[in-house]
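Reader: I am new to this structure. Where do I begin, and how do I read what I see?

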Amino acid sequence: MKVDVIKLDGGSAGSVDLGDEVFGLEPRADILHRVVRWQRNKAQAGTHKVKTRSETSYSTKKIYRQKGTGGARHGDRNAPIFRKGGVYKGPTPRSHAHDLPKKFRKLGLRHALSAKAKAGELVVIEAAEAAEAKTGALAKQIKSLGWKRALVIDGPELNENFARAAQNIEGLDVLPSVGANVYDILRRDTLVLTKAGVEALEARLK
């Protein structure tokens with residue numbers, strides 16, 4: 001698949017061939033869904049916690065005698081049926097992560113890249129570089145290119161000036177190729193790859 005390459009100023013910089021085994025697949029929603037679920041579950045904090053009856057701060061004194069009251073038998077006010085008593089079988093801190101084979105994760109990334117390419121939401125630029133870390137100058141370039149919600153994936157290392165300039169631009173994310181993931185690719189309207197990023201992704205996913 002041949003794609004035109006542009007510069008950040010909008011000028012042409014030739015073209016590049018994208019491998020069909022990475023960018024030319026027929027996207028499958030079920031694969032993308034499984035990988036996104038795996039990512040979001042792994043990122044979930046799992047710090048939810050409630051107090052059980054052994055952790056609430058009431059007295060443990062028996063509230064009334066066992067027999068003869070005409071009511072139910074109770075030990076203390078920490079029982080779950082009383083107001084401010086302990087919670088029965090409530091949430092406890094745990095990990096929400098589950099396993100997903102590495103081959104399936106790589107397949108999901110290939111399908112995410114192919115989905116962007118098929119939808120016409122993939123842009124290849126020559127390089128993500130800036131002479132100075134100036135947010136205003138980069139923001140003007142991004143606006144002229146029409147990128148509103150974009151993810152830029154560079155090669156193994158980011159250009160420091162470009163990364164700093166992009167930090168305060170709303171809707172623009174920048175990642176090195178090793179950080180490329182299905183969730184971030186799908187949540188942005190435009191996927192922008194540098195030539196170095198294309199090479200790194202194809203080497204990683206073939």
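Author: Begin with how elements are named. Helices and strands are DSSP runs, numbered from the N terminus; a helix needs at least four residues and a strand at least two. One caution: this is a predicted model.

Reader: Then where does K116 belong?

Author: K116 sits in helix α3.

Reader: Is K116 buried or exposed?

Author: Residues under 20% relative accessible area count as buried. K116 has 5% relative accessibility, so K116 is buried.

Reader: Which residues does K116 touch, leaving out those up to four places away in sequence?

Author: K116 touches E121, L122, I185, L186, R188, D189 and L191.

Reader: R188 is in that list. Where does R188 lie?

Author: R188 is in the loop between α6 (182-187) and β6. R188 has a relative accessible area of 10% and is buried. The side chain of R188 makes a polar contact of 2.9 Å with the side chain of D173. Apart from residues up to four places away in sequence, R188 touches K116, R149, A150, L151, G171 and D173.

Reader: Now the sheet. How do strands hold together?

Author: Strands of a sheet pair through backbone hydrogen bonds, either parallel or antiparallel. Here an open sheet has six strands with mixed pairing. The order is β2-β1-β3-β6-β4-β5.

Reader: Which strands stand at the edges?

Author: β2 (12-17) and β5 (172-175) do. Each has a single partner strand, so one side of each is left without a neighbour in the sheet. From one strand to the next, the twist averages 30°.

Reader: Walk me across the pairs.

Author: Take β2 and β1. They pair in the antiparallel sense over four bridges. I6 has S12 in β2 as its bridge partner. The two strands form a hairpin with five residues between them. In the turn, G10 has a positive phi of about 95°.

Reader: What about β1 and β3?

Author: They run parallel, joined by two bridges. In β3, V124 is the bridge partner of V5, and I125 is the bridge partner of I6.

Reader: How many bridges link β3 and β6?

Author: Four, in the parallel sense. L122 has L191 in β6 as its bridge partner.

Reader: And β4 with β5?

Author: These strands run parallel, and four bridges join β4 (residues 150-153) to β5. L151 is partnered by D173 in β5. D173 also appeared above, in the polar contact with R188.

Reader: How do I read the two faces of a strand?

Author: In a regular strand the side chains alternate between the two faces of the sheet. In β3, both faces are covered. L122 and V124 are buried on one side, V123 and I125 on the other. β1 has a covered face with V3 and V5. The uncovered face of β1 holds K2, D4 and I6.

Reader: Which strands does helix α7 touch?

Author: Helix α7 (residues 195-205) packs on the sheet and touches β1 (2-6), β2, β3 (122-125), β4 and β6 (190-194). The direction of α7 makes about 90° with that of β6.

Reader: How do I read the sides of a helix?

Author: An α-helix has 3.6 residues a turn, so residues three or four places apart point the same way. In α7, the residues G197, V198, A200, L201, E202 and L205 are buried. The buried residues of α7 pack against β2, α1 (20-23), α3, β3, β4 and β6.

Reader: Now a loop residue. Where is T52?

Author: T52 lies in the loop between α2 (29-43) and α3 (102-118). T52 is partly exposed, at 33% relative accessible area. The side chains of T52 and S54 share a polar contact of 3.1 Å. Not counting residues up to four places away in sequence, T52 touches G86 and V87. T52 and A79 are 27 residues apart along the chain, and their C-alpha atoms are separated by 8.9 Å.

Reader: Last topic: rings. How many aromatic pairs are there?

Author: Zero. Rings can also have a charge over them. R34 lies over the face of F104, at 4.3 Å from the ring centre. The charged end of R77 sits over the ring of F82, at 4.7 Å from its centre.

Conventions:
Residues numbered from 1 in each chain as written. Predicted model: local features only at pLDDT ≥ 70, side-chain atom pairs only at ≥ 80, totals over all residues. Heavy atoms only, no water. Phe/Tyr/Trp six-rings, centres within 6.5 Å; stacked < 30°, edge-to-face > 60°. Lys NZ or Arg CZ within 6 Å of the ring centre and 35° of its normal. Pairing = 2+ DSSP bridges. Axes fitted to C-alpha atoms, helices over the stretch in contact; angles between N-to-C directions. Contact = heavy atoms within 4.5 Å. Buried < 20%, exposed > 50% of the residue type's maximum accessible area, 1.4 Å probe, protein only. Polar contact = N/O pair within 3.5 Å; in protein donor to acceptor, adjacent residues only side chain to side chain.
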